[in-house]
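Please open the structure in your viewer and keep the selection tool handy. We will go from stop to stop, with a note on what to look for at each one.

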Amino acid sequence: MWYETHYQEGKKVSFMKEGCKIAGLLFLPPDFDPAKKYPALVKTHPGGGVKEQCSSLYCWNMAQHGYVALAYDASHQGESEGLPRYVEDAFSRVEDIRCAVDYLTTLDFVDAERIGAMGVCAGAGYTMSAIQTDLRIKAAAGISTWCTGNSARNGFPGVNIENYRQWLLEQVAKARTEEDRTGEPQYWTYVPASAEDITEETSTIQREAFEYYRTDRCSYPTSVNKYLVSSNDKLAAFDAFAYIDTVSPRPLLFIVGSRADTRYFTEDGFARAKEPKELYEIQGASHIDLYDKPEYVSQVVAKLVEFFDKHLKQH
C-alpha cells in the first residue's frame, strides 16, 4: 500500500447483528488502562470498502488521541457474515452502525454516554442517518459524505443518463428476474474494473476511486469491487438526511475537500441540518484525497479531534 492504514494494529473483535457475526478491528489508546472509562467512536467504511482501509487509518489516529475506536466490515461484505453476499442495502448498513454501538456499550472500558460516530463517503451518509434514530450517538462526523439514495435517484458525477432512477430500476427488475430464473447473482462494480475501462468520459471520482481500490495504493483482498444489482432498489428508497433536522442539539460535522466533485451531497446534508453544525473544507483536496493522503488526513484528524474532544471528552 502506498500509505499507512494501520489495520495491523487493530485488535480483531466481532459482534452480532440479526444472527450474523460482524468482523471488526478495535483500536485502543497507547496508554490504555482497562480500569478507566474512555469515549468511543464507530467508524463506517465507504461503499466497496472494508475495515482495513480508511476505517482503520482514522480509527488508529483517533485512538492516539485517547479514543476507543471501532472499524468493522458491513454485514454481507468483507469478513462479516451475511447472505446473499455483497449487498449494499442502506437500511441494513445503518443497522450495522446501531449494532456496533450495541457492542461498544458492552465494553467495561467504554463510557456509554460518550459514544460518537464517523464515516467516509457512503459510510458518512449512513452515519448521518444512524444518528437520527440512535440517541446513544452523541455526535457524528462525515468525511467526503455521499448519500447513496440521492445517487441512486439522480446519478452522480460522470453519469449522464436521462431519468436515471427509472433506468436504474429497470436494470434492477431485469437483474432480479435473471437471478430468479438462473440462480446466478447479478453484480455491478463500484469502480472501473480495470485501467482499460477508464475513458475520457470517466469522471474524476471514478478515476480516483479506481486508483484507491484497484491498485497498490490501497487494494485489499476482501474489497472485491462488486455489489448485487438488486441493491439499487433499496438505495433508491433511502435518504441519508431524511430527518437530519431532528438531530439537534446533538452536533454534526461535515468535512469536505474543496475540489470534491461530490461536495453537493455534503452541502445538502449541511443545509438540512440544524445547529449545532459545522462544515469544514480541506483546501486543495478531492473526494478520494481524504481517504488516505497524509497531507489531507492530518488536517481531517486535527478537526475530528477538536470536534469530538469538545462534544465527547468534556462531558
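Two strands are said to pair here if DSSP finds at least two bridges between them; helices (H or I, at least four residues) and strands (E, at least two) are DSSP runs, numbered from the N terminus. This is a predicted model, in which local features need pLDDT of at least 70 and side-chain atom pairs count only at pLDDT 80 or more, while totals for chains, interfaces and linings use all residues. Residues are numbered from 1 along each chain as its sequence is written, and side-chain values use heavy atoms, with hydrogens and water left out.

**Stop 1: strand β6**

Select residues 137-143, which form strand β6. Of its 7 residues, 6 are buried (under 20% relative accessible area with a 1.4 Å probe, protein chains only), so β6 is largely enclosed by the rest of the structure.

Now add β5, residues 110-120: it pairs with β6 in the parallel sense over 6 bridges. Show β9 as well, residues 252-257, which runs parallel to β6 and is joined to it by 4 bridges. Which residues stand opposite Ala140 of β6? They are Ala117 and, in β9, Leu252.

**Stop 2: over the helix**

Add helix α3, residues 122-133, and you have a right-handed β-α-β unit made of β5, α3 and β6. Right-handed means that, with the strands pointing away from you, the path from the first strand over the helix to the second runs clockwise.

**Stop 3: aromatic rings**

The structure holds 19 aromatic pairs, meaning rings of Phe, Tyr and Trp (its six-membered ring) whose centres lie within 6.5 Å; planes under 30 degrees apart count as stacked, over 60 as edge-to-face and the rest as tilted. Pick Tyr126 and Phe238, a tilted pair at 5.8 Å centre to centre with 55° between the planes. Tyr126 is in α3 and Phe238 in the loop between α7 (231-235) and β9, so the pair ties together parts that are 112 residues apart in sequence. Tyr126 is buried at 0% relative accessible area, and Phe238 is buried at 3%.

Then select Trp146, Phe156, Tyr264 and Phe265, which form one aromatic cluster.

**Stop 4: Glu208**

Move to helix α6, residues 204-214, and pick Glu208. Its side chain makes a polar contact of 2.6 Å with that of Ser286; the term covers N or O atoms within 3.5 Å, where within protein one must be able to donate a hydrogen and the other to accept it, and residues adjacent in sequence count only if both atoms are side-chain atoms. To finish, check the C-alpha atoms of Glu208 and His287: they are 8.5 Å apart, though 79 residues separate them along the chain.

How values were computed. Buried means under 20% relative accessible area, exposed over 50%, partly exposed in between (1.4 Å probe, protein chains only).
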